[in-house]
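Q: Got a minute to go through this one with me? I'd like to start with the helices and then see how things pack.

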Amino acid sequence: VWGMRHKRYLKSHHRVFYYNLLTSCKLDDYLADVDESAKILFEQIVKSLAEQEQITEKLKVENMMLWVQMTNNIHNRAIEIVNEQVIYI
């Protein structure tokens, strides 16, 4: 997902860089690296935010809807952070 998102961004905003990678057969490796680093960052951010906001399995058992809301909020914020720091640069 992250690699394809970055590919679309490069294709529309950094065409020269995109086509240089494409013609040198380095595009797939580059996108795989971007995808891996974005996944790692996303997981770290989600884990960190969940710890900061004390979203635990106990909360999940006690109040499922609140847990879902807070978890979705964290995921959305993490996506925005990864987009800003890795994808749209």
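Q: Start with α5. What span should its 24 residues have, and how far apart are its end C-alpha atoms?
A: This is a predicted model, to begin with. At 1.5 Å a residue, α5 should span 34 Å. Its end C-alpha atoms are 32 Å apart, so the two values agree.

Q: Which residues of α5 are buried?
A: W67, T71, I74, A78, V82, N83, V86 and I87.

Q: And what covers them?
A: The cover includes α1, α3 and α4, the last being residues 57–62.

Q: Same span check for α3, please. What comes out for its 26 residues?
A: The expected span is 38 Å at 1.5 Å a residue. The end C-alpha atoms of α3 lie 37 Å apart, which agrees.

Q: What's buried there in α3?
A: L27, L31, V34, D35, A38, L41, F42, I45, V46, L49 and A50. These buried residues pack against α1, α2 (15–23) and α5.

Q: What does the backbone do just after α3?
A: Q54 sits there with a positive phi of about 55 degrees.

Q: Now the packing. How do the axes of α3 and α5 cross?
A: They cross at roughly 140 degrees and come within 9 Å. An angle over 145 would count as roughly antiparallel. At roughly 140 degrees, α3 and α5 are therefore oblique to each other. Their crossing is right-handed.

Q: Which residues meet there?
A: From α3, V34, S37, A38, L41, F42, I45, V46, L49 and A50. From α5, I74, H75, R77, A78, I79, I81, V82, Q85, V86 and I87.

Q: What about α1 against α3: what angle, and how far apart are the axes?
A: The angle is about 125 degrees, with the axes 7 Å apart. α1 and α3 are therefore oblique too. α1 passes α3 in a right-handed crossing. On the α1 side the contact uses W2, G3, H6, K7 and L10. On the α3 side it uses L27, Y30, L31, V34, D35, A38, K39 and F42.

Q: H6 caught my eye. Where does it lie, and is it buried or exposed?
A: H6 is in helix α1, residues 2–13. H6 is buried, with a relative accessible area of 1%.

Q: What does H6 touch, leaving out residues up to four places away in sequence?
A: Y30, L31, V34, V86 and I87.

Q: How far is H6 from N73?
A: Their C-alpha atoms are separated by 23 Å. Along the chain, H6 and N73 are 67 residues apart.

Q: On to the nonpolar core. How many residues are in the largest one?
A: It has 17 residues. V82, V86 and I87 have the most contacts inside it. α3 (27–52) and α5 (64–87) each supply at least two residues of this core. The largest share, eight residues, comes from α3.

Q: Why would such side chains sit together?
A: In soluble globular proteins, nonpolar side chains tend to be buried together.

Q: Take V82. Which residues does it touch, again not counting those up to four places away in sequence?
A: W2, A38, L41, F42, I45 and I87.

Q: And what other core lies apart from the largest one?
A: One of five residues, among them L10, Y18, L21 and L31.

Key:
Residues numbered from 1 in each chain as written. Predicted model: local features only at pLDDT ≥ 70, side-chain atom pairs only at ≥ 80, totals over all residues. Heavy atoms only, no water. Core = buried A, V, L, I, M, F, W, Y, C linked by side-chain atoms within 4.5 Å. Buried < 20%, exposed > 50% of the residue type's maximum accessible area, 1.4 Å probe, protein only. Helix = DSSP H or I, 4+ residues; strand = E, 2+ residues; numbered from the N terminus. Contact = heavy atoms within 4.5 Å. Expected span 1.5 Å × (residues − 1). Axes fitted to C-alpha atoms, helices over the stretch in contact; angles between N-to-C directions. Parallel < 35°, antiparallel > 145°, perpendicular 65-115°, else oblique. Left-handed = near helix turned anticlockwise from the far one by under 90°.
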